[in-house]
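This report describes a protein chain through its fold, its charged side chains and its aromatic rings. Please keep the sequence and the 3D view open while reading.

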Amino acid sequence: MKTILRGAFGAVLLLGAGISAHADDPAPMSIYDTALGAGWENWSWAKTELSVTLGGSARKPIRVEAAPWAALYLHHSPFSTTGYKKLDLLIQGSVPDREVRVYLLTDGKINGEGKLVKISNTGWTQVEVPLATLASEDKMVDGFWVQNASGTDLPKFYVTEIRLQ
């Protein structure tokens with residue numbers, strides 16, 4: 001559905017699906033899709049492989065093998081999250097019933113308690129986390145973690161389609 005609004009001096013504003021009514025809202029930021037987004041670097045201390053082929057899928061996720069407390073760590077020079085509302089990603093495990101914790105970072109340090117995410121091996125899990133939950137709303141951030149939240153090795157898991165919206 002499209003809506004036409006007439007403003008002062010006859011200006012026309014067209015609003016429709018996918019068009020933001022807020023001119024100040026930033027475009028979605030891709031952290032990782034089939035490769036790292038612009039400006040993002042892999043600083044992981046978990047064993048990682050980017051752009052892996054997985055069962056003939058068009059997706060090219062990051063494969064992560066995490067020792068206790070190790071993390072997939074993607075780094076970017078500091079930027080503001082003002083205007084962004086949530087972090088989205090897809091995650092899939094290789095074994096059932098495991099957990100990771102998702103964080104955003106400021107000055108290389110985690111913000112807040114992060115978000116505990118359950119992963120399984122039955123397909124992709126869509127994860128949407130409000131930035132307020134990650135203590136990262138309207139804040140300068142410089143990194144993203146998916147951390148093994150346990151003291152035991154975590155069998156391989158996959159992460160893709162990571163973005164701020």
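In the protein chain, 73% of the contacts with a separation of 6 or more are between residues 24 or more positions apart. The model is a predicted one.

**Overall make-up**

The protein chain has 14 strands and 0 helices. Read from the N terminus, its elements therefore give an unbroken run of β. Of the 165 residues in the protein chain, 38% are buried. The exposed surface of the protein chain comes to about 8900 Å², and carbon and sulfur atoms supply 54% of that area.

**Strand E8 and its partners**

Strand E8 covers residues 86–93, and 7 of its 8 residues are buried, which makes the strand mostly covered. Which strands does E8 pair with? One partner is strand E12 (residues 125–130), which runs antiparallel to E8 and is joined to it by 6 bridges. Within this pairing, Lys 86 has Pro 130 of E12 as its bridge partner. Strand E14 is another partner, again in the antiparallel sense and over 6 bridges. Here Ile 91 is matched with Val 159 of E14.

**Salt bridges**

The structure holds 7 salt bridges. Three of them are listed here with the distance between the closest N and O atoms.

| Positive residue | Negative residue | Closest N and O atoms |
|---|---|---|
| Arg 163 | Asp 33 | 3.5 Å |
| Arg 63 | Glu 49 | 2.2 Å |
| Arg 63 | Glu 65 | 3.9 Å |

Arg 163 forms a salt bridge with Asp 33. This pair links distant parts of the chain, 130 residues apart: Arg 163 belongs to strand E14 (residues 154–164), while Asp 33 is in the loop between strand E3 (29–32) and strand E4 (41–42). Are the two residues buried or partly exposed? Arg 163 is partly exposed, with a relative accessible area of 22%. Asp 33, at 31% relative accessibility, also counts as partly exposed.

Arg 63 forms a salt bridge with Glu 49, the closest N and O atoms being 2.2 Å apart. The two residues are 14 residues apart, with Arg 63 in strand E6 (residues 62–66) and Glu 49 in strand E5 (residues 47–49). Arg 63 also forms a salt bridge with Glu 65, where the closest N and O atoms are 3.9 Å apart. Glu 49, Arg 63 and Glu 65 are thus linked in a network of salt bridges. The relative accessible area is 24% for Arg 63, which is partly exposed. Glu 49 is partly exposed at 37%, and Glu 65 is partly exposed at 33%.

**A buried acid without a salt bridge**

Asp 142 is found in strand E13, which spans residues 140–148. What is the nearest side chain of opposite charge to Asp 142? It is Lys 109, 8.6 Å away. A salt bridge needs the nitrogen and the carboxyl oxygen within 4 Å. Asp 142 has no salt bridge, yet it is buried. Leaving aside neighbours within four places in sequence, the residues in contact with Asp 142 include Leu 74, His 75, His 76, Ser 77 and Pro 78. Leu 105, Thr 106, Asp 107 and Gly 108 are also in contact with Asp 142.

**Aromatic pairs**

A pair of aromatic rings is described by the distance of the centres and the angle of the planes. The structure holds 6 aromatic pairs. In one of them, the ring centres of Trp 45 and Trp 145 are 4.9 Å apart and the planes stand at 75 degrees, so the pair is edge-to-face. Trp 45 lies in the loop between E4 and E5 and Trp 145 in strand E13, so this pair ties together parts that are 100 residues apart in sequence. Trp 45 counts as partly exposed at 44% relative accessibility, whereas Trp 145 is buried, with a relative accessible area of 12%.

Trp 145 also pairs with Tyr 73: the ring centres are 6.0 Å apart and the planes are at 75 degrees, so this pair is edge-to-face too. Tyr 73 lies in strand E7 (residues 71–80) and Trp 145 in strand E13, so the pair ties together parts that are 72 residues apart in sequence. Tyr 73 and Trp 145 are both buried. Ring pairs link Trp 43, Trp 45, Tyr 73, Tyr 103 and Trp 145 into a cluster.

Definitions and conventions: Residues are numbered from 1 along each chain as its sequence is written. This is a predicted model: local features need pLDDT of at least 70, side-chain atom pairs count only at pLDDT 80 or more; totals for chains, interfaces and linings use all residues. Side-chain values use heavy atoms; hydrogens and water are left out. Helices (H or I, at least four residues) and strands (E, at least two) are DSSP runs, numbered from the N terminus. Buried means under 20% relative accessible area, exposed over 50%, partly exposed in between (1.4 Å probe, protein chains only). Lys and Arg count as positive and Asp and Glu as negative; His and the chain ends are not counted. Contact means heavy atoms within 4.5 Å. Rings of Phe, Tyr and Trp (its six-membered ring) pair if their centres lie within 6.5 Å; planes under 30 degrees apart count as stacked, over 60 as edge-to-face and the rest as tilted. Two strands pair if DSSP finds at least two bridges between them. Accessible areas come from the Shrake-Rupley method with a 1.4 Å probe; for residues, only the protein chains shown count as cover.
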